[in-house]
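Hi everyone, thanks for making room for me today. I'd like to walk you through one model, and I'll keep it short.

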Amino acid sequence: MEKNKGKMSQSKKIFVGLILGLIFGIVLHSFVPDSHLKNDILIDGIFYTIGQLFIRLMQMLVVPLVFFSIADGCRNLGDTETLGKIGIRIVIFYMFTTALAIFIALSLASVIGPGKGMNMSLGDQSFESVDTDISLSDTILDFIPTNPIEALATGNMIQIIIFAVLVGLLIATMEDRLITLGNIVTEMNDLMMGMTMWVMKLAPIGVFFLITRTFSSLGYDAIISMLSYMGAVLGSLAVQLLIVYMLLIVIFVRVNPFKFLKKFAPVMTFGFSTASSSATVPIHIQTLDDMGVDKKISSFTIPLGATINMDGTAIMQGVAVIFIANAYGIDLTASDFMTVILTATIASVGTAGIPSVGLITLSMVLESVGLPVEGIAIIMGIDRILDMARTTVNLTGDAAGTMIVANSVGAFNKEKFNRE
């Protein structure tokens, strides 16, 4: 006991790595002149390589971890009725909070008016557009993998989740004939969790290098020119996290929201550092278990949330629509706002939980209301720091929804949550 007393917890180590990286990055950007040593060897060499090595280690775990944790979770849930209750409730929660997030973003951005007076004209910026002609029917059909092996190989998360659910349910219903296979799934899940804990020991180092490179590359001029946009995004994210989620937790779970934020801080810190919902899945599930949420629930809802619940990304898209419309002097109608809410909600479904993917789906939202996709280039410079903040909101939304659903089916231990 005394031996562990002097040891720093993993979450504190990650936070220290984040703060040191922030300070070191700002010092490097502001006080060290550009040179081959600074730009090529340090920023784009050592910092980039070590930071990306850590991200790669996390990405290495994501697909097998999501597959085996969901398959094992569905197997342990045992019956389709329980899974159906959880699935319907969590999807309704995710869709509701995403639509609400976009509404909050559009409302706040309309008041702040980011981008006004920029007087941009088409051709000033360029951004490589992608084919975004995606219909609702195509989105729904794409949920089902035509080739599960290809889905696993390419990391198509929504298809992996669907396949894993079917595998887990069939193992549960055929338990007497598939005892060995069921044990293999459980043991593989344990293996991936163990491997995750091993990789997580490297998190403070990875976080330091990721944050250092981010802030060493981010110029003050870019930040100052985008303050109104950043303010609208961060303000909307704060409303979603501190008001919407906390109110829902208080109303439906009856727990102290400040205690929730304190206990969930390690996940928020790690998500902020990596800007990846998928990379945070392992520590997310473990932290919720420590907070009293049954792993049978979280092993299904958290990987699902990392795929379809992108409230932070939706907020960025809502503010970006207002910003780009103002920058180019284009007026939006009430029907345009409704189109943005619908399109951004659909776009969030199946969005990969990886850094800056929101910029790609934003092009789909912009085209839905006739705004120039070229406008994305204006906000690319500071997207990384905002991506880190919106990932934190995405993760908190997943946790809030999981806790609410777990409580509704009697799978939340309030005593464990309140334990210091």
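**A walk through the model**

Let's begin at A71, which sits in helix 3; helices here are DSSP runs of H or I with at least four residues, strands are E runs of at least two, and both are numbered from the N terminus. A71 counts as buried because its relative accessibility is 0%. For that word I use these cut-offs: buried is under 20% relative accessible area, exposed is over 50%, and partly exposed lies in between, with a 1.4 Å probe and protein chains only. Leaving out residues up to four places away in sequence, A71 touches A164, V167, G168 and V185, where contact means heavy atoms within 4.5 Å. From A71 to N189 it is 118 residues in sequence, but 8.8 Å in space, C-alpha to C-alpha.

Now, a word on what we're looking at. This is a predicted model, in which local features need pLDDT of at least 70 and side-chain atom pairs count only at pLDDT 80 or more, while totals for chains, interfaces and linings use all residues. Residues are numbered from 1 along each chain as its sequence is written, and side-chain values use heavy atoms, with hydrogens and water left out.

Staying in helix 3, please find S69. S69 is buried too, at 1% relative accessibility. Which residues does S69 contact beyond its neighbours within four places in sequence? They are N189, S299 and P303. The C-alpha atoms of S69 and P282 are 9.5 Å apart, with their positions 213 residues apart along the chain.

Let's zoom out. The protein chain has 20 helices and 0 strands, and 51% of its 420 residues are buried. Of the contacts between residues at least 6 apart in sequence, 84% join residues at least 24 apart. The chain exposes about 18,700 Å², and carbon and sulfur atoms supply 65% of that; areas come from the Shrake-Rupley method with a 1.4 Å probe, and for residues only the protein chains shown count as cover.

On to the inside. The largest nonpolar core has 114 residues, and those touching the most other members are Y229, F260, F270 and M403. Helix 3, residues 36-77, gives the largest share of this core, with 13 residues. By nonpolar core I mean buried Ala, Val, Leu, Ile, Met, Phe, Trp, Tyr and Cys residues joined through side-chain atoms within 4.5 Å. Take F260: beyond four places in sequence, its contacts are M246, I249, M291, T396, A399, A400, M403 and F417.

And on the outside, F15, I19, I23, V27, F31 and V32 make a nonpolar surface patch of about 540 Å². Patch residues have over 30% relative accessible area and no salt bridge; like charges are joined within 9 Å, and nonpolar side chains (Val, Leu, Ile, Met, Phe, Trp, Tyr) within 5 Å. F31 belongs to helix 2, residues 10-31, and counts as exposed because its relative accessibility is 66%.

How many salt bridges does a search of the whole structure find? There are 3, taking a salt bridge as a side-chain nitrogen of Lys or Arg within 4 Å of a carboxyl oxygen of Asp or Glu.

- K38 pairs with D34 at 3.2 Å, N to O; K38 is buried at 4% relative accessible area, whereas D34 is exposed at 60%.
- K416 pairs with D289 at 3.9 Å, N to O. That pair links distant parts of the chain, 127 residues apart: K416 is in helix 20 (residues 414-418) and D289 in helix 13 (residues 281-290).
- R390 pairs with D387 at 3.4 Å, N to O. Both are buried, and they are about one helical turn apart because 3 residues separate them in helix 19 (residues 383-408).

One backbone detail: R254, in the loop between helix 11 and helix 12, has a positive phi, near 60°, and is not a glycine. Most residues other than glycine have a negative phi. R254 is exposed, at 63% relative accessibility.

Finally, confidence. pLDDT is the predictor's confidence in each residue, from 0 to 100; the chain averages 79, and 82% of residues score at least 70. Among the elements, helix 10 (residues 220-225) has the lowest mean, 48, and helix 11 (residues 227-253) the highest, 92. Residues 123-132 fall below 50, and this stretch has 21 contacts in the model beyond near neighbours in sequence. Residues 352-356 also stay under 50, with 17 contacts beyond four places in sequence.
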